[in-house]
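Q: Please take a close look with me at the salt bridges in this structure. I would like to know who pairs with whom, and where each partner sits.

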Amino acid sequence: MREAHGGAGPPSVAALMASLPQRLAPGAERGWRATFHFRFSHCPQPEWTVRLDGESCRVAPGLHDTPDCVVEMSGDTFVGIATGAVNPQVAFMLRRVKVSHLGSMMKFLKLLRPAGEGGPRPPAGEATTSP
């Protein structure tokens with residue numbers, strides 16, 4: 001069983017789920033209300049709820065409320081996608097990721113920066129430039 005990320009090996013599903021609120025673009029959740037249920041196979045804590053309530057993003061173990069989108073995959077696939085080791089589009093096409101509402105999931109993914117990416121992300125919709 002993997003524990004919280006301490007620098008050795010990939011981060012755990014629990015650590016990555018806990019990091020979601022910090023990985024959202026600043027202000028990204030403003031005005032957007034959605035509930036996501038995540039179900040991970042082969043994982044010590046297999047069920048998670050992510051709530052965007054228009055003001056904040058909250059993550060909790062277990063399934064709470066009625067979801068707008070249900071996402072199912074293995075814990076290893078989630079860790080791979082979150083860390084950039086697995087291409088999410090390829091995982092979806094190979095049916096390693098199942099999503100009940102693709103539009104909501106795509107919007108959510110656009111608002112996230114990869115796990116371990118340094119520095120804050122610019123607000124959603126703001127262009128970035130390279131030096």
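A: Let's begin with Asp53, which counts as partly exposed because its relative accessible area is 25%. (Buried means under 20%, exposed over 50%, and partly exposed in between, with a 1.4 Å probe and protein chains only.) What you see is a predicted model, where local features need pLDDT of at least 70, side-chain atom pairs need 80 or more, and totals for chains, interfaces and linings use all residues. Residues are numbered from 1 along each chain, and side-chain values use heavy atoms, leaving out hydrogens and water.

Asp53 has a partner: its side chain meets that of Arg58 in a salt bridge, 3.2 Å from N to O. (The term means a side-chain nitrogen of Lys or Arg within 4 Å of a carboxyl oxygen of Asp or Glu.) Look at the two ends of this contact in turn. Arg58 is exposed, because 52% of its relative area is accessible, whereas Asp53, at 25%, falls in the partly exposed class.

How many salt bridges does the structure hold? There are three in total, and the pair of Asp53 and Arg58 is one of them.

Now move to Arg51. Arg51 makes a salt bridge with Asp65, and their closest N and O atoms are 2.7 Å apart. Arg51 belongs to strand β2 and Asp65 to the loop between β3 and β4, so this contact ties together parts that are 14 residues apart in sequence. (Strands are DSSP runs of E, at least two residues long, and helices are runs of H or I, at least four, both numbered from the N terminus.) Arg51 is partly exposed, because its relative accessible area is 31%.

Stay with Asp65 for a moment. Is this residue buried or exposed? Asp65 is exposed, because its relative accessible area is 53%. To find Asp65 on the model, follow the chain past β3 (57-61) into the loop that comes before β4. The backbone of Asp65 is worth a look too: its phi is positive, about 65°, although Asp65 is not a glycine. In one residue you can therefore see a loop position, an exposed side chain at 53%, and a partner in Arg51.

Another pair joins Arg39 and Glu72, whose side chains meet in a salt bridge at 4.0 Å, N to O. Here both partners are in strands: Arg39 is in β1 and Glu72 in β4, so the contact ties together parts that are 33 residues apart in sequence. How exposed are the two ends? Arg39 is partly exposed, because its relative accessibility is 32%. Glu72 is partly exposed as well, because its value is 35%.

While you are at β1, follow the chain into the loop between β1 (33-41) and β2 (47-53), where you will meet His42. His42 also has a positive phi, near 55°, and it is a residue other than glycine. His42 counts as exposed, because its relative accessibility is 79%.

To trace everything once more on the model, start with Arg39 of β1 and Glu72 of β4, whose pairing ties those strands together. Next, go from Arg51 in β2 across to Asp65 in its loop. Finish at Arg58 and Asp53, back where we began.
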